[in-house]
Amino acid sequence: MEEHRNLWMELDLVEMMTFVGCMVAVNSLVFVLCGALELVERYDLFSDRKIHKTAAKCEQPSVRAVVIHMLKVHYIIQPLGLPLFYTLMKWGGVRFTAPGPSWLEIVIHLAMIMLIEDTCFYWIHRALHTPFLYKHVHKMHHEYKQPHSWAVEYSHILEYTIANTFGIFIGAVLIHTHIYTFYIWILIRTAEGVDGHCGYNFWFSPFRYFPFRPGSDVHDYHHSHNIGNYGSLFTFWDSICGTNISFSNYIQRKKMALH
Ligand SMILES: [Zn+2]
Ligand SMILES: [Zn+2]
């Protein structure tokens, strides 16, 4: 006889609170990275790696405004929403208990999660550039024409909680990953987001060596020119759909100008 799952019995309050606490801690990495990059900017370190050599001509949100926005998101809105995500992940098959994953499983799962997230991000991001969604949702993130690290999470609450978060969670659910792998993934995605917005092309950035991802200038171009480059971790969807042609021409022109 087929056994029916009692979904409510699967939930565990201690496990849920541990998940909320770990997620808040892991997500706080963004403040450490952005703070470190703020020092790089203030003391004019690595100026040769700067993407824009001159200050932004347009007015951009102040660091103070962005930090206040991020504090609200991280320590008020997110902890309220995380129990729902715990429930969905638990019911979706994410493993929260021992045994933990092997290193091989972690590597394979991370690769799969990244591919799924990049696909979701590309298409959702492209949809956010349709006139209605751009005007009412995505425009806030594009207030930055020359982004710096703090811009990474300066977005409309709908974009942050639905558009960005969906892609981050769905891969973990689809492949029934372990929660440890998921925490590693959040750390990678946070660091990648900061790297993509920091305004520097650091040679030591591990993301520079990701396949199909040449450097931070890809997403920086998306902000400065507002044309194409919709992917997050990779560029293959942009290549398949031809949404990086403008960027490729721009790089080409830059190279020719140097010779
Ligand atoms: Zn955009
Ligand atoms: Zn951005």
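**Exercise 1. Locate Ile186 in this predicted model and decide how far it is exposed.**

Solution. Begin with the secondary structure: Ile186 is found in helix α8. Next, take the neighbour count, which is 18 C-beta atoms inside 10 Å for Ile186. A residue is buried with 20 or more such neighbours and exposed with 12 or fewer, so Ile186, with 18, counts as partly exposed. Then turn to its contacts: once residues up to four places away in sequence are set aside, Ile186 touches Val26 and Asn27. Finally, compare sequence with space for one chosen pair: Ile186 and Ala36 lie 150 residues apart in sequence, and their C-alpha atoms are 19 Å apart.

**Exercise 2. Check the length of helix α8 against what is expected, and describe its surroundings.**

Solution. Helix α8 comprises the 19 residues 179–197, for which a rise of 1.5 Å a residue gives a span of 27 Å. The C-alpha atoms at its two ends are 27 Å apart, so the model agrees with the expectation. The second step is to list the buried residues of α8, among them Ile179, Phe182, Trp185, Arg189, Glu192, Val194 and His197. The elements that cover these buried residues include α2 (13–27), α3 (29–42), α5 (103–128), α7 (157–174) and α9 (217–225). The last step looks beyond the helix end, where Gly199, just after α8, takes a positive phi of about 85°.

**Exercise 3. Where does α7 bend, and against which helices do its buried residues pack?**

Solution. First consider the span: α7 has 18 residues and reaches 25 Å from its first C-alpha to its last, close to the 26 Å expected at 1.5 Å a residue. The end-to-end distance does not complete the description, since α7 also bends by about 45° at Thr165. Next come the buried residues of α7, which are Glu159, Tyr160, Ala163, Asn164, Gly167, Ile168, Phe169, Gly171 and Ala172. In reading such a list it helps to recall that an α-helix has 3.6 residues a turn, so residues three or four places apart point the same way. The buried residues of α7 pack against α4, α5 and α8.

**Exercise 4. Describe the nonpolar cores and identify which helix supplies the largest share of the largest one.**

Solution. The largest nonpolar core has 14 residues, and within this core Met89 and Ala172 have the most contacts. At least two residues of this core come from each of α2, α4 (63–92), α7 and α8. The largest share, four residues, is supplied by α4. To see the setting of one central member, follow Met89: leaving aside neighbours within four places in sequence, Met89 is in contact with Val94, Phe169, Ala172 and Val173. A second core, separate from this one, has 13 residues, and Val30, Val66, Tyr144 and Cys198 are included in it.

**Exercise 5. Which backbone geometries in the loops call for a closer look?**

Solution. The background is that most residues other than glycine have a negative phi, and most peptide bonds are trans. Against this, the peptide bond from Ala98 to Pro99 is cis, with omega near 0°, and Pro99 is placed in the loop between α4 and α5. A second case is Asp44, a residue other than glycine with a positive phi near 50°, which sits in the loop between α3 and α4. Asp44 has 8 other C-beta atoms within 10 Å, so it is exposed. A third case is His176, with a positive phi of about 55° although it is not a glycine; it is found in the loop between α7 and α8. His176 is likewise exposed, with 12 other C-beta atoms within 10 Å.

**Exercise 6. How compact is the protein as a whole?**

Solution. Start with the make-up: the protein has 11 helices and zero strands. Its radius of gyration is 19 Å, close to the 18 Å that the globule rule gives for 259 residues, so the protein is as compact as a globular protein of that length. The C-alpha atoms fill a box of roughly 75 × 40 × 40 Å along the principal axes. As to burial, 31% of the 259 residues count as buried. Finally, among contacts between residues at least 6 apart in sequence, 72% join residues at least 24 apart.

Notes
Residues numbered from 1 in each chain as written. Chains lettered and ligands numbered in written order. Predicted model: local features only at pLDDT ≥ 70, side-chain atom pairs only at ≥ 80, totals over all residues. Expected span 1.5 Å × (residues − 1). Contact = placed C-beta atoms within 7 Å. Core = buried A, V, L, I, M, F, W, Y, C linked by C-beta atoms within 7 Å. Bend = angle between axes of the 7 residues up to and from the residue. Rg over C-alpha atoms; globule rule 2.2 N^0.38 Å.
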